Amino acid sequence: MEPIKIGLLGLGTVGGGTVQVLTRNLAEITRRAGRSLQIAHAAARDYDPNLPGLDQIGRIGKDAFAVVEDPQVHIVVELIGGYSPARELVLRAIENGKHVVTANKALIALHGNEIFAAAREKGVVVAFEAAVAGGIPLIKALREGLAANHIQWIAGIINGTGNFILSEMRDRGRDFEEVLAEAQALGYAEADPTFDVEGIDAAHKLTILGSLAFGIPLQFQKTFTEGIGKIQSQDVAYAAELGYRIKHLGIARRTERGIELRVHPTLIPQRRLLANVDGVMNAVLVQGDAVGPTLYYGAGAGALPTASAVVADIVDVARVLTTDAENRVPHLAFQPDELADLPVLPMEAVETAYYLRISALDRPGVMAEIAGILGAEGISIEAIQQKEPQAGESHVPLILLTHRVLEAKMNRAIQDIEALGSVRGSVVRIRMEPLAG
Ligand code: HSE
């Protein structure tokens, strides 16, 4: 039988890794797919001519649109990233009746609803396992392995670069900029590294996970996003003294009032497995009503791990090329006409616990003023620590851990605390999650 012909867009980190894995493991992959596979046509602006496996590619050009128009191509693999021209290329490939595999989380999070609708119309598959948590087969687990469950919540470290930066700052006291430069050199960071640092990359991935977990349309704009830029080493140290670590988490939770979709630095108890996931590794905890908590761990970025997910999708498409379109796994896990209209909650309506650091005058009555403000909002304090004043300093750091409360109440309390004459500067607020099953 003729090999299935692949059109590859992009020969960068993930594209190069995909060529390498596909050519190196071709015999084994063919045994799994039931058909041989060949990269018939690739397009890249620029590539390393020494990439392993390059000689196996039928034709390499610069024009990505020529690949999606190439009549011999069955599967278009989009690995150029970004919103445009990725969106136009993918829609054109679908229009031409080609199946699509992509690692592009930004594209799926923002334009997935449109892309899946086009794919349904044409009866083609759009597969995106590599878009979330790199090499971890998390989408497959959610969409297929956990199909029996009501998913209750998901909490995960889904940006390797951010986790790498936080781990290196904590363990080695390294400088933010230096660690970021290393993540870029290793091919972990996004082309625009502010996507990693500001949490946008994690928000893209969480948007996708939320849809897969709860059967709702993709709604990136409603995902609350806070990055790691404001985390200071003193907060990392104070959290550790209280038995917590600060991790940048993506959290999706089903509540009676709606769906929480939020990405922010989070204090989690040191003994939790997630607290011990370091470096560029990703880990995602999924709580289902039948299965309980399940944890998925692995490399969330990098050439070969991401290629592992891309090639797995190619194998899936190769297998479905012979099956009926109606019976394939739905793009967002739920049948398209079964997507729910559950509201995604604004952050003010989310309930969580908090770590607060307040720079307060070291004077009797100040603690009582602060406790009074928290009490007035019904915020209950779990722990308080007052740190030693620095020599010659009038103000001391006060560290408070609170019980769960609505974000709106905490916003009001923080505003009132910051208005106190005895308090200097802004209150540092880091949300806290127990992650108990
Ligand atoms: N920049 C991403 C990360 C790459 O650091 O996790 C994988 O999506």
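This is a conversation between a visitor and a guide about how to read a predicted protein model.

Visitor: Where do I start? How many helices and strands are there in the chain?

Guide: Start with the overall inventory, and keep in mind that the model is predicted. The chain has 14 helices and 17 strands. As for the overall build, the radius of gyration is 24 Å, close to the 22 Å that the globule rule gives for 437 residues, so the chain is as compact as a globular protein of that length.

Visitor: What box do the C-alpha atoms fill?

Guide: Along the principal axes, the box is roughly 85 × 45 × 35 Å.

Visitor: And what share of the residues counts as buried?

Guide: Being buried here means having under 20% relative accessible area. Of the 437 residues, 53% count as buried. Looking from the outside instead, the chain exposes about 18,300 Å², and carbon and sulfur atoms supply 50% of that.

Visitor: How much of the contact in the chain is between residues 24 or more positions apart?

Guide: Take the contacts with a separation of 6 or more: residues 24 or more positions apart account for 73% of them.

Visitor: What about charges? How far apart are the mean positions of the positive and negative ones?

Guide: You average the places of each kind and compare the two points. The chain has 41 positive and 52 negative charges, and their mean positions are 3 Å apart.

Visitor: Let me try a single helix. What span should α12 have, and what do its end C-alpha atoms show?

Guide: Each residue of a helix should add 1.5 Å, so the 18 residues of α12, running from 303 to 320, should span 26 Å. The end C-alpha atoms of α12 are 26 Å apart, which agrees.

Visitor: Which residues of α12 are buried?

Guide: Quite a list: T306, A307, A309, V310, V311, D313, I314, V315, V317, A318 and V320. Keep V315 and A318 in mind for the next stop.

Visitor: What does A33 touch?

Guide: For this kind of reading, we skip neighbours up to four places away in sequence. A33, in helix α2, then touches V315, A318 and R319. A33 and V320 are 287 residues apart in sequence, yet 9.5 Å apart in space, C-alpha to C-alpha. With a relative accessible area of 9%, A33 is buried.

Visitor: Is R32 buried or exposed?

Guide: R32 is exposed, at 54% relative accessible area. R32 belongs to helix α2, residues 26-33, and its contacts beyond four places in sequence are V315 and R319. From R32 to A312 there are 280 residues in sequence but 9.8 Å in space between C-alpha atoms.

Visitor: Now a strand. Where is H264, and what does H264 touch?

Guide: H264 lies in strand β10, residues 259-269. Leaving out neighbours up to four places away, H264 touches F224, E226, K247, H248, L249, I251, M347 and R431. One of these partners, E226, is 38 residues away in sequence and 4.7 Å away in space, C-alpha to C-alpha. H264 counts as buried, at 0% relative accessibility.

Visitor: Is K5 buried or exposed?

Guide: Lysine carries a charge in our count, but don't guess from that; read the area. K5 is buried, with a relative accessible area of 12%. K5 sits in strand β1, residues 4-9, and touches Q38, A40, Q72, V73, H74 and I75, again without its close sequence neighbours, those up to four places away.

Visitor: What joins S84 and P85?

Guide: Here you check the omega angle. A cis peptide bond joins S84 and P85, with omega about 10 degrees. P85 is in the loop between β4 and α4. Helix α4 covers residues 86-95 and holds R87. R87 is partly exposed, at 25%, and touches L107, H111 and E114, not counting residues up to four places away in sequence.

Visitor: What is the phi of A133?

Guide: Phi is another backbone angle to check. For A133, phi is near 60 degrees, a positive value in a residue other than glycine. A133 lies in the loop between β6 and α6, and A133 is buried, with a relative accessible area of 0%.

Conventions
Residues numbered from 1 in each chain as written. Predicted model: local features only at pLDDT ≥ 70, side-chain atom pairs only at ≥ 80, totals over all residues. Heavy atoms only, no water. Helix = DSSP H or I, 4+ residues; strand = E, 2+ residues; numbered from the N terminus. Rg over C-alpha atoms; globule rule 2.2 N^0.38 Å. Buried < 20%, exposed > 50% of the residue type's maximum accessible area, 1.4 Å probe, protein only. Contact = heavy atoms within 4.5 Å. Areas by Shrake-Rupley, 256 points an atom, 1.4 Å probe, with all protein chains shown as cover. Charge placed at Lys NZ, Arg CZ, Asp CG, Glu CD. Expected span 1.5 Å × (residues − 1).
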